[in-house]
There are 2 protein chains.
Amino acid sequence: MVDTTNNINSGLKSIEERFFKSAISVDCVIFGFDGKDLKVLLIRSYSDEFKGQWSLVGDLLTPDEDMDSAAYRILRQRTGLDDIYLEQVHAFGRVERHPLGRVVTVAYYSLININDYNAETEVAYENSATWHNVKKVGKLAFDHNEILTASLEHLKANLASRPVGINLLPEKFTLTELQSLYDAILDRPKPLDKRNFRKKILSMGILKDLNELQKDVAHRPAKLYSFDREDYDALLKSAF
Amino acid sequence: MVDTTNNINSGLKSIEERFFKSAISVDCVIFGFDGKDLKVLLIRSYSDEFKGQWSLVGDLLTPDEDMDSAAYRILRQRTGLDDIYLEQVHAFGRVERHPLGRVVTVAYYSLININDYNAETEVAYENSATWHNVKKVGKLAFDHNEILTASLEHLKANLASRPVGINLLPEKFTLTELQSLYDAILDRPKPLDKRNFRKKILSMGILKDLNELQKDVAHRPAKLYSFDREDYDALLKSAF
DNA sequence: ACAAAAGTGTTAGTGCTACACCCATGT
DNA sequence: ACATGGGTGTAGCACTAACACTTTTGT
């Protein structure tokens, strides 16, 4: 029947010649929130085939670095972003997904405060990354639309179990801002119910009431909150 | 500052020479259930370094096949298993995880009826796969313990949202058998409450009461159930 | 008769949904 | 005074968790 040794021992070519011919890349899907829309960080593709098209922040792995480390290295080199948590989403391995040859890519995603990557940071890098509304990205290079979609799904799924706002919002924020973030990520026909949202999020015990108010707004000023790091970390641990 | 073109254009060696030197492999984590314990299908490692150690069902990708297809191909070649649903779990990419060189592996998992792979199937394959209690696997080849652990976590997480029993149990089964499966996967200090489990699982509307009873058991015989494929598929769709 | 597993209901608590009005501020 | 968004409570319903005894069969 089937010869299980086929791939390993037989054939004319060496294992090197037959199997060690592929490249691995990493693509980082970096989400940010501007108070209204969910955004993703994109760079101009350097590939000839996709010249001028936008693409995710990615690059090839060198054979001597761990894949997880490479993700941080690539993100840092292309955007200057450092010290942010990346989480693996999925590996994509269609044969023809990359014009240069066989490249399997592994997608990572992260959530950052949108002000941590801005116009000032930008100028230091050749292929400046810019923020794009996730609902309005056009056709991206490679299979990056597919990767973005998968990452968005991943983010939505995580939203229920993890208080994601800690990474996406500024230090101080109002409950309405937090809710806008949830609404932007969930992207549902109707926004969440204001009262229910507040009840639930406050009952989690990870928000700290700062006893401060907004200033200079043309309406009743809202109370400001921040995340309580300790309680937040405690919750994360207990949930897993 | 940082030269973002570093990896792509500069250097003495060609892109081929520098980056297209890696291999990609697939490892399949196949779970089965024998009515009492959760089991995983393992083969004897063919690698020199791990001679005699058990390993997951895996192999290298040839550069001309899609990764998802390769997972099915490898599973079929090594075990004869066909027509089963594989789901990607995670990619593992530590530099030194494989003795032959740089090999990034992508783990897939699946759930099968344990009788679909048995002693009879087994003899056709050189490196016969055998079932091992997941709680009693020893040290596996490569980083396969890590992969197994991650796949188990994945399975636990999926249990709540997907009625996984459909793949792991025989055609006809009792509610107690179904609960044993849940208890085996969740592996919690206390088993689930019998009454609550029955209420919940029946209320999902995916079980069909066959109006049959167990035979030849030394106690009150239990009613037999089967999954209702249609209702099950409908539930899957609506849940996602 | 005994052993072994099957089968069955109720209660209390918790969380989710839906819903409408008054409040504080700037213009 | 008006416009703007901030802030609050309750009732119905669904789901969850905890808990103990009777039934049916084989030996």
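The following exchange explains how several terms apply to this predicted model.

User: How do you know which residue or chain a name refers to, and what kind of model is this?
Analyst: Residues are numbered from 1 along each chain as its sequence is written, while chains are lettered from A and ligands numbered from 1 in the order in which they are written. The model is predicted: local features need pLDDT of at least 70, side-chain atom pairs count only at pLDDT 80 or more, and totals for chains, interfaces and linings use all residues.

User: What makes a stretch of chain A a helix or a strand, and how many are there?
Analyst: Helices are DSSP runs of H or I with at least four residues, and strands are runs of E with at least two, numbered from the N terminus. Chain A has eight helices and nine strands.

User: Why is helix 2 of chain A said to agree with its expected span?
Analyst: The expected span is 1.5 Å times one less than the number of residues. Helix 2 (residues 67–79) of chain A has 13 residues and should therefore span 18 Å; its end C-alpha atoms are 18 Å apart, so the two agree. After this helix comes A:Gly80, with a positive phi near 80 degrees.

User: What makes a residue of helix 2 of chain A buried, and which residues are they?
Analyst: A residue is buried if 20 or more other C-beta atoms lie within 10 Å of its own, exposed if 12 or fewer, and partly exposed in between, with C-beta atoms placed from the backbone. In helix 2 of chain A, the buried residues are A:Met67, A:Ala70, A:Ala71, A:Tyr72, A:Ile74, A:Leu75, A:Arg78 and A:Thr79. Their cover includes strand 1 (23–33) of chain A and strand 5 (87–92) of chain B. Of the 240 residues of chain A, 34% count as buried.

User: Why is strand 2 of chain B called mostly covered?
Analyst: Six of the seven residues of strand 2 (residues 38–44) of chain B are buried.

User: How do you know that strand 2 of chain B pairs with other strands?
Analyst: Two strands pair if DSSP finds at least two bridges between them. Strand 2 of chain B has three bridges to strand 1 (residues 23–33) of chain B, four to strand 7 (residues 130–133) of chain B and two to strand 3 (residues 54–55) of chain B. The pairing with strand 1 is antiparallel, as are those with strand 7 and strand 3. Among the partners, B:Phe33 is bridged to B:Leu38, B:Leu41 stands opposite B:Trp131, and B:Arg44 is bridged to B:Trp54.

User: What makes a residue part of the surface near DNA strand C?
Analyst: Its C-beta atom, placed from the backbone, must lie within 6 Å of the strand. There are 21 residues around DNA strand C, and the closest are A:Arg220, B:Thr176, B:Arg195, B:His219 and B:Lys223. Helix 7 of chain A gives the largest share, four residues.

User: How are the residues near DNA strand C classed?
Analyst: Ala, Val, Leu, Ile, Met, Phe, Trp, Tyr, Cys and Pro count as nonpolar, Asp, Glu, Lys and Arg as charged, and the others, Gly among them, as polar. The surface near DNA strand C divides into six nonpolar, five polar and 10 charged residues.

User: Which residues come nearest to DNA strand D?
Analyst: They are A:Arg195, A:His219, A:Arg220, A:Ala222 and B:Arg220. Here helix 7 of chain B supplies the largest share, four residues.

Conventions
Contact = placed C-beta atoms within 7 Å.
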